[in-house]
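I wanted a short record of what I looked up in this model, entry by entry, before going back to the bench. The notes are kept in the order in which I looked.

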Amino acid sequence: MAEGLAPGIRAMMAGFGVRVGARRPGDAAACLDLIGPTDCAAVLKQPSRILGGLQHPLVTGDDRTLEAAPRQLDPTYEQLRAELHTAIRHGIPS
């Protein structure tokens, strides 16, 4: 991304990729909220917001913001792993 995105890739990401990428963790968070591990759900909402927030930078050509997204996403995966581990260890409420 440092060199910029090709117009076709930018259009595909803005029109499809970001929506799907943001939707999946959001859907998972909603499901987890229903079954009980709300701490896991809260962590999953973070990548959903980060990915959803890429729509505007994609459309406006703000590649610096796009470059920062992986660094923002990275810690959420470790947080999710830790929360899932805790939920499993303590038993997921039903």
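What follows are my entries on the overall fold, the helix pairs, a surface patch and one residue ahead of the helices.

**Entry 1, the whole chain.** I began by noting that this is a predicted model. I counted the secondary structure elements and found that the protein chain has four helices and zero strands, which gives the pattern α-α-α-α when the chain is read along its sequence. I then looked up the extent of the C-alpha atoms, and along the principal axes they fill a box of roughly 45 × 20 × 15 Å. For burial, I noted that the protein chain has 94 residues, of which 29% are buried.

**Entry 2, α1 against α2.** How do the axes of α1 and α2 cross? I found that these axes come within 8 Å and that their crossing angle is roughly 165°. Since angles over 145 degrees count as roughly antiparallel, I entered α1 and α2 as roughly antiparallel to each other. For the handedness, I wrote down that α1 passes α2 in a left-handed crossing.

**Entry 3, α2 against α4.** I next took helix α2, residues 38-52, together with α4, and here the axes come within 8 Å and cross at roughly 165°. By the cut-off of over 145 degrees, α2 and α4 are therefore also entered as roughly antiparallel to each other. The crossing in which α2 passes α4 is left-handed.

**Entry 4, a nonpolar patch.** Which residues form a nonpolar patch on the surface? I listed Leu34, Ile35, Leu84, Ile88 and Ile92, which together have about 510 Å² of accessible area. Looking at where the patch comes from, I noted that the elements giving two or more residues to it are α1, spanning 7-35, and α4, spanning 63-90. I then looked at one member by itself, Ile88, whose place is in helix α4. Ile88 has a relative accessibility of 61% and therefore counts as exposed, given that the cut-off for exposed is over 50%.

**Entry 5, ahead of α1.** My last lookup was Gly4, which lies in the segment before α1. Is Gly4 buried, partly exposed or exposed? Its relative accessibility is 30%, so I entered Gly4 as partly exposed, because that class lies between the cut-offs of 20% and 50%. I also looked up the separation between Gly4 and Thr38, which are 34 residues apart along the chain, and found their C-alpha atoms separated by 38 Å.

Methods
Residues numbered from 1 in each chain as written. Predicted model: local features only at pLDDT ≥ 70, side-chain atom pairs only at ≥ 80, totals over all residues. Heavy atoms only, no water. Patch = residues over 30% accessible without salt bridge, like charges linked within 9 Å, V, L, I, M, F, W, Y side chains within 5 Å. Areas by Shrake-Rupley, 256 points an atom, 1.4 Å probe, with all protein chains shown as cover. Salt bridge = Lys/Arg side-chain N within 4 Å of Asp/Glu carboxyl O. Buried < 20%, exposed > 50% of the residue type's maximum accessible area, 1.4 Å probe, protein only. Axes fitted to C-alpha atoms, helices over the stretch in contact; angles between N-to-C directions. Parallel < 35°, antiparallel > 145°, perpendicular 65-115°, else oblique. Left-handed = near helix turned anticlockwise from the far one by under 90°.
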